[in-house]
Amino acid sequence: MPHKTLRKNSDPEYYNKEIRRLKSKVRKSYNRRKLGVHCTEKLRQLSRQLLPVKKSAQDTFLKSVLNKEGKCWSDFYKYVKRRKGNRENIPAMKDCNGRTITDEIEKANTFNSYYSTVLSSEGNILHIQGENTGDPFTTDIKTIRRKIKAIGKNKSVGPDRVSGEILKLGGEAMIPYLARLLDVTLNNGTLRGDWKRATVIPIHKGGNRSLVTNYRPASLTSVVCKQMEHVIASYLRQVWDKNDWLYEGQHGFRPGYSCERQVITVCQDIADSLDNGDKIDAMIVDFSKAFDLVPHGRLPTKIANSGVDSRVVVWIREFLLGLTQRVRVGGQLSEEVRVTSGVTQRSVLGPLLFLS
């Protein structure tokens with residue numbers, strides 16, 4: 001008796017008949033590409049036709065979900081999960097006793113234990129008191145608008161599960177809500193718990209892939225909170241530039257103060273000293289785990305003395321207070337641990353707080 005095996009449909013949720021028709025033509029043309037130049041050119045034409053059709057269908061799908069036009073939210077979360085993918089390829093690890101670890105949860109806990117051992121603690125974060133004598137903070141709508149437009153399509157989803165594509169697709173309609181949300185958090189001096197959580201992804205930086213020490217942490221945080229951080233960071237730069245608070249020789253993470261400029265400046269200083277016959281002494285210091293060891297206790301107090309709005313200082317204090325992280329390996333999460341020092345890597349405020 002004739003029979004047919006039905007395979008599970010692996011097409012994304014937004015695929016329609018037009019996309020499937022063009023994909024079939026592209027597949028057939030791809031198989032015939034070696035028959036001549038005309039077949040190769042036809043393949044290029046069909047590929048150029050397929051891309052805008054997929055983009056249009058994807059935008060239509062997202063708009064229909066946002067407008068609740070008969071689409072199910074479960075389809076949307078399937079779409080988000082598919083877009084996120086699984087780029088966490090961590091092989092079998094070895095612990096300190098040489099035992100091989102293959103379980104994903106055990107790998108995640110091993111990474112989390114290693115990352116938490118480098119943290120330090122020097123006491124609780126001090127309560128900020130006193131009158132507001134700094135430059136008053138105002139929500140910059142232009143910054144919010146610019147940063148929403150700059151959100152990438154493949155932006156990773158944070159612990160709050162809010163996709164960057166939703167913010168970008170909302171466009172102008174999202175700006176008043178984000179501005180209001182920032183004003184509420186500033187005036188109340190509190191932040192959402194999801195904004196203080198980070199999902200850490202181990203990124204291989206070279207060497208033996210079975211060693212935990214050869215992976216650096218990359219933190220995934222809330223996309224909504226990052227929009228707030230952009231506005232806060234823009235305000236801090238303006239105030240610090242106005243007050244000349246940052247040392248002129250401090251390069252990196254500053255507009256106009258790149259590491260390349262620093263190298264050129266040092267080389268020029270050395271050349272001038274040699275021309276003048278001066279003696280040159282150099283001292284190079286490398287701080288291990290510098291980002292992870294920034295003290296939470298002193299940071300808000302130091303920023304409070306830089307001439308910024310006291311509400312911003314409280315916001316940053318709350319941003320640091322109660323930070324937690326979990327490591328994800330192969331879709332499995334480790335136990336949650338508290339971050340007692342350091343600034344979150346891959347966050348917006350992290351590099352700026354590191355400079356201060």
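Accessible areas come from the Shrake-Rupley method with a 1.4 Å probe.

**Figure 1. Overview of the chain in this predicted model.** The accessible surface of the chain comes to about 21,700 Å², and carbon and sulfur atoms account for 51% of that surface. The chain has 356 residues, of which 38% count as buried, and its secondary structure is made up of 12 helices and 7 strands. Among contacts between residues at least 6 apart in sequence, 71% join residues that are at least 24 apart. The views that follow look at single regions of this chain.

**Figure 2. The largest cavity and the residues that line it.** There are 2 cavities of 30 Å³ or more in the model, and the largest of them holds about 220 Å³ of space. Its lining consists of 19 residues, of which Ser219, Asp292, Gln325, Val339 and Thr344 are the closest to the centre of the cavity. The elements that contribute two or more residues to this lining are β3 (197–204), β4 (215–220) and β5 (324–329). Sorted by class, the lining of the largest cavity is made up of 10 nonpolar, 7 polar and 2 charged residues.

**Figure 3. The second largest cavity, with a space of about 50 Å³.** Among the residues that line the second largest cavity are Trp195, Lys196, Arg197 and Ala198, together with Thr221, Glu229 and Phe319. The rest of the lining of this cavity is given by Leu323, Thr324, Thr344 and Ser347. By class, these lining residues divide into 4 nonpolar, 4 polar and 3 charged. Thr344 is also listed among the residues closest to the centre of the largest cavity, and Phe319 is one of the buried residues of helix α11, the subject of Figure 5.

**Figure 4. The second largest pocket, with a volume of about 670 Å³.** Of the 18 residues that line this pocket, those closest to its centre are Gln250, Phe287, Ala290, Phe354 and Leu355. Two or more lining residues come from each of the helices α10 (299–304) and α12 (349–355), and α12 gives the most to the lining, with 3 residues. The lining of the second largest pocket comprises 12 nonpolar, 3 polar and 3 charged residues.

**Figure 5. Helix α11 (residues 310–320), a mostly covered helix.** Of the 11 residues of α11, 9 are buried, and these are Val312, Val313, Val314, Trp315, Ile316, Arg317, Glu318, Phe319 and Leu320. The buried set therefore takes in the charged side chains of Arg317 and Glu318 as well as nonpolar ones such as Val312 and Trp315. The cover over the buried residues of α11 includes α7 (175–188), α8, α10 and α12. At the start of the helix, a side-chain oxygen of aspartate 309 comes to within 2.9 Å of the backbone nitrogen of arginine 311, while α11 is followed by glycine 322, which has a positive phi, near 80°.

**Figure 6. Threonine 110 in helix α4 (residues 104–117).** A polar atom of the threonine 110 side chain lies 2.7 Å from the backbone oxygen of glutamate 106. When neighbours within four places in sequence are left aside, threonine 110 is in contact with Ile101 and Val212. Threonine 110 and valine 212 are 102 residues apart in sequence, yet their C-alpha atoms are 7.8 Å apart in space.

**Figure 7. Histidine 296, in the loop between α9 and α10.** Histidine 296 has a relative accessibility of 5%, and because buried means under 20%, this residue counts as buried. The side chain of histidine 296 reaches the backbone oxygen of glycine 342 at a distance of 2.7 Å.

**Figure 8. Two loop residues with positive phi, arginine 161 and phenylalanine 253.** Arginine 161 is found in the loop between α5 (141–149) and α6 (164–170), and its phi is near 65°, a positive value in a residue other than glycine. With a relative accessible area of 43%, arginine 161 is partly exposed, because this value falls between the 20% under which a residue is buried and the 50% over which it is exposed. Phenylalanine 253 lies in the loop between α8 (223–243) and α9 (259–276), and the phi of phenylalanine 253 is likewise near 65°. At 45% relative accessibility, phenylalanine 253 also counts as partly exposed.

Key:
Residues numbered from 1 in each chain as written. Predicted model: local features only at pLDDT ≥ 70, side-chain atom pairs only at ≥ 80, totals over all residues. Heavy atoms only, no water. 1 Å grid on protein atoms, 1.4 Å probe; cavity = no way out; pocket = protein on both sides within 12 Å on 5 of 7 lines; lining within 4 Å. Points joined across faces, edges and corners; volume = space filled by probe spheres on them. Helix = DSSP H or I, 4+ residues; strand = E, 2+ residues; numbered from the N terminus. Contact = heavy atoms within 4.5 Å. Polar contact = N/O pair within 3.5 Å; in protein donor to acceptor, adjacent residues only side chain to side chain. Buried < 20%, exposed > 50% of the residue type's maximum accessible area, 1.4 Å probe, protein only.
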